[in-house]
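Here's a protein to explore together. Take a look at the sequence and the 3D view first, then we'll walk through a few features.

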Amino acid sequence: MHVTRVEATPKSGPGLRDVRGDVVRRQLSSDHNLEFTAVKTIVGFLINSDVPHTEISSRADDLFADPIIEHSITNRSFLGNSEIFSETPDAVISVGFKPGVTDNPGKAALDGFRTIFSEASPDSDISTYITYIFYGMPQDTS
């Protein structure tokens with residue numbers, strides 16, 4: 001068994017928004033009076049399985065991303081991709097979840113994974129994380 005990383009992040013452009021990032025930005029403004037110019041997100045999936053990463057990579061858009069509105073990448077991080085994240089962020093926070101019942105997105109991804117890769121080991125598992133990328137951080141934020 002080995003771990004394959006898949007990340008998905010919203011595309012940007014006219015009519016496209018990072019809804020998760022917008023929600024966090026609005027909550028920080030409302031709850032804590034912190035005004036950021038933008039918050040972007042990356043959703044990550046860590047797949048512990050015997051399925052080769054090349055097979056997972058070829059099906060990443062089928063299971064882990066919506067290719068119309070999201071980019072996906074396998075075994076690399078979007079943070080290092082200057083085409084997607086051309087500006088240096090002011091702060092980056094990642095929150096990870098352990099596999100199991102507390103990680104509902106991971107559990108749902110695992111159900112889909114087992115449907116697509118029926119030959120996968122029954123010990124296969126998926127855990128998720130989300131990375132928040134902050135731009136325009138207020139000067140007095142510590």
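Does Ile-68 count as buried or exposed, and why?

## A residue on the outside

One thing to know up front: this is a predicted model. Now, back to that residue. Ile-68 counts as exposed because its relative accessibility is 67%, and the cut-off for exposed is over 50%.

To find Ile-68 in the 3D view, look at the loop that runs between α3 (60-63) and β3 (70-74). Ile-68 has company there too: with Leu-16 and Ile-69 it forms a nonpolar patch on the surface. Taken together, the three residues of that patch have about 270 Å² of accessible area.

## The overall layout

Zooming out, the protein chain has four helices and five strands. Follow the sequence from start to end and you'll meet them in the order β-α-β-α-α-β-β-α-β. As for dimensions, the C-alpha trace spans about 50 × 30 × 25 Å along its principal axes.

What about contacts? Take those in the protein chain with a separation of 6 or more: 78% of them are between residues 24 or more positions apart.

## Inside and outside

The protein chain has 142 residues, and 37% of them are buried. On the outside, the chain exposes about 8,300 Å², with carbon and sulfur atoms supplying 50% of that area.

## Charges

Finally, count the charged side chains: the protein chain has 12 positive and 20 negative ones. The centres of these two sets lie 2 Å apart.

Note on methods:
Residues numbered from 1 in each chain as written. Predicted model: local features only at pLDDT ≥ 70, side-chain atom pairs only at ≥ 80, totals over all residues. Heavy atoms only, no water. Helix = DSSP H or I, 4+ residues; strand = E, 2+ residues; numbered from the N terminus. Buried < 20%, exposed > 50% of the residue type's maximum accessible area, 1.4 Å probe, protein only. Contact = heavy atoms within 4.5 Å. Areas by Shrake-Rupley, 256 points an atom, 1.4 Å probe, with all protein chains shown as cover. Lys, Arg positive; Asp, Glu negative; His and termini not counted. Charge placed at Lys NZ, Arg CZ, Asp CG, Glu CD. Patch = residues over 30% accessible without salt bridge, like charges linked within 9 Å, V, L, I, M, F, W, Y side chains within 5 Å. Salt bridge = Lys/Arg side-chain N within 4 Å of Asp/Glu carboxyl O.
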